[in-house]
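Please read these notes beside the sequence and the structure. They are meant for someone who has not looked at this model before.

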Amino acid sequence: MPTQVRIFAMPKSLGETLSASSSQPISLPTQDYKVERPASPEAKNRAPAMETIPEKPKNGGITFAYQDSLPKLPIPELEHTCKKYLAALKPLQSPREHSETKLAVQEFLKKDGPELQKKLQEYAVGKTSYIEQFWYDSYLNFDNPVVLNLNPFFLLEDDPTPARNNQVTRAASLVVSALEFVRAVRREELPPDTVKGTPLDMYQYSRLFGTARVPTENGCQIEQDPESKHIVVLCHGQFYWFDVLDDNSDLIMTEKDISINLQTIIDDAAQTPIQEAAKGALGILSTENRKTWSGLRDILTKEEGSNNADCLGIVDSALFVLCLDYTEPATAAALCQNMLCGTNEVVKGVQIGTCINRWYDKLQIIVCKNGSAGINFEHTGVDGHTVLRFASDLYTDTILRFARTINGQAPSLWKTASPDPSKRDPESFGDVTTTPHKLEWDISPELNIAIRFAETRLADLISQNEFECLDFSGYGKNYITSAGFSPDAFVQMAFQAAYYGLYGRVECTYEPAMTKAFLHGRTEAIRTVSEESVNFVQTFWADNPAEAKVDALRKACQQHVNTTKECSKGRGCDRHLYALFCVWQRYLDNEDSRAPSSMGYLSSIENGENGSNGSDQGSVVGSPGKESILTTSEELRTRQRGDSTTSRCHEQVPAIFADSGWDKLNNTILSTSNCGNPSLRQFGFGPTSGGGFGIGYIIKDEGINICVSSKHRQTKRFVDTLESYLLEIRRILRITNRRSTSSRQTRAREIDPDKPMSAHQRLKTRGRMITGTESLRAMARSSTGTRSPTEESLMMSEDDELGGYGFFDAGMLLQALKARGEALDQQGEPSKASERAAANARRREIGKKLRLVEY
């Protein structure tokens, strides 16, 4: 179905809202915003088409200054796409499977492909992007719960000022910084994103605030109040709100004022015992199946005289939701779970976890009792890169604001700042409500039951997933680049090696490449698995010389870099093929009811028709969570039996989409995403398939932070194997570096020792010369082939107590590598006699001592 962008009415004070008992949306001036609405009773059964909000720069505005000059995302050549499609599948298929896929691709290129390519090109005329509408359809028709399936999270680093790491202070500080960011976006003072001087698309920032994903019986729609000026606060599952901006988007409250409001809310919420909170925690309903949630919203608003519709309007139109949790997760994994899906804690049959304290249809800022903070965001309209900029500026501004309390000349992120609210005339604020108001829902018995069952289903969903974190501090970007590798490619190969080390096979892997260099660009799918990556993992896990392993790693990383560059230019295969699939499916469905237009294709955007991307689809196009639509086998079989059609091209499923390779590439086992900077501690999302891993990672200068999720698929073991690999590959790189260094240094040994020396030089001869002859001879013997590659590696390595890195010793290897430094420091130089004695003592402890039998 096409996407709707509804515009909310400006929220009034709660008293006025309740007395008016109306939440009808208003239309803004047409020169600024264009909105489509159902024009007839029949149209109410379908969502109107999305009209984008034009990014017309204001006079002097810089945020959208480059939008008009951005190129459109190119539609790749069909032959090039098919070639890349085959290359992505080859290492994932058996020879027989790949032969079948090649035949399907050849048939597609001869028959259906050219016609679908032509229709896609015709459809794209006049559109901002050929993939944009299909992208929105895929997200908004996703019928499963968004929690753990679509919404990613960011975990912020703690505030560098320890005194500010308590809940109220941290939350108030983050709110003020967030509002300054909102103000900069609305005044178009936010500098555009750039990569190496190339401006990036900024449209997503206009969709970040005052936006909600609202379910309907025909899929979800995006609703937005572009002039929202209030926030909603969730505490103990209860809802509160107050205004924070005036009509000019200037702040009307100081950080201290906001702190007072938040403390007032916490005190009020505490009057409801946490054991009772779940009974009225309406936010749990946002975790339901989308059709179920749509029906529950109808129940919420159907009773005459109920204020539920007005309460929903307040929540949906808020700038964002601030969640104040009463718990303090103790570990990084627990913190990540709290930010992604909340905690599940049942005491005496009652849910008291933080999972009741969320509203997943909006941008959420989450603050724990100890001040740990994170962000959970609705993914339809924004990608990780956009929210990362928001999170980074949020964190930076909190630091700079504190710096300005010390030095008034400290810099600011913002071109202009809001006037000091404490020095303004209260009349200048306009019609605002700064005192917090609690939303009182009219909860019927039917809703009570719905909340209860939604909570138990959510508890099940959370219990089905597990999370593990790796804060790897051994090295980071600096070491990786000094070794001559791309940091992202290096870490991607680590995931491949760890998985292969555990399971002895490679699986479909996904990583998003940002395409925001194009107008309304989102992402393209990088397919990490290549023939080079397969060769690397096989070489790495076999008994090969260190040089062979490093050489295979370099080739695999270079291939990944090349693929990433192509995808960033819009030259991948996934988005293009998915668009062709949507064109085929939509055309087929539309043909049943209408004749083709002059272009041979009826766009549901133009005609308001319900598109064919129905809710029966199994997944969505996306990054980093869900990466592509999955067509179900049943649907394909139905199409192949011959659904009604008049076009030869559409008599059956195009061969490429009926082939097993299409399903293989769209069943992601390793869904990965690199998104972060020093402002974040972790980033992650749920697994995209039942048998897969969701891997979010952040590559910092001196470390790598990784969050892994799965549906209980040995997540801890995978993380341990990953850490073992990262330590082992450093050991191997050191081996090769020493060899090259050694070869460069040996020329100094050729200096003639009999050369006449001056008196000054004779002083340098004091002491016994250490030649290392025996060591060099031993190394020379190993180079002649008398030692195995593993033994040769060990001879050149300081990790001389480690054996070969085989399939089943990853756990032991991890412990050995960690202990290596300590062991080397403690080793002395005992005499041979003492060494023998120590060896005999150790030998006596080996094995179980048997008790002698008496005869």
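The points below take up the sheet, two helices that lie across it, and the cavities of this predicted model.

1. The sheet. Eight strands form an open sheet with mixed pairing. Their order is β14-β8-β7-β9-β12-β13-β2-β19. Strands of a sheet can pair either parallel or antiparallel, through backbone hydrogen bonds.

2. Its edges. At one end of the order stands β14 (437-438), and at the other β19 (680-684). Each of these edge strands pairs on one side only.

3. One pair within the sheet. Strand β9, residues 321-324, runs parallel to strand β12, residues 364-367, and 4 bridges join the two. One of the residues to look up is valine 321, whose bridge partner in β12 is glutamine 364.

4. Helix α6. Residues 167-186 make up this helix, which lies across β2 (153-156), β7 (230-235), β9, β12 and β13 (373-376). Its direction is at about 155° to β12.

5. Helix α11. This helix covers residues 332-340 and lies across β2, β12, β13 and β19. It runs at about 130° to β2. Strand β19 is also an edge strand of the sheet.

6. Cavities. How many cavities of 30 Å³ or more does the structure hold? There are 9. The largest cavity contains about 110 Å³ of space.

7. Lining of the largest cavity. The residues around it are Arg207, Leu208, Thr211, Ala212, Ile222, Asp361, Lys362, Leu363, Phe377, Glu378, Gly381 and Val382. By type, 6 are nonpolar, 2 polar and 4 charged.

Conventions:
Residues numbered from 1 in each chain as written. Predicted model: local features only at pLDDT ≥ 70, side-chain atom pairs only at ≥ 80, totals over all residues. Heavy atoms only, no water. 1 Å grid on protein atoms, 1.4 Å probe; cavity = no way out; pocket = protein on both sides within 12 Å on 5 of 7 lines; lining within 4 Å. Points joined across faces, edges and corners; volume = space filled by probe spheres on them. Nonpolar A, V, L, I, M, F, W, Y, C, P; charged D, E, K, R; others polar. Pairing = 2+ DSSP bridges. Helix = DSSP H or I, 4+ residues; strand = E, 2+ residues; numbered from the N terminus. Contact = heavy atoms within 4.5 Å. Axes fitted to C-alpha atoms, helices over the stretch in contact; angles between N-to-C directions.
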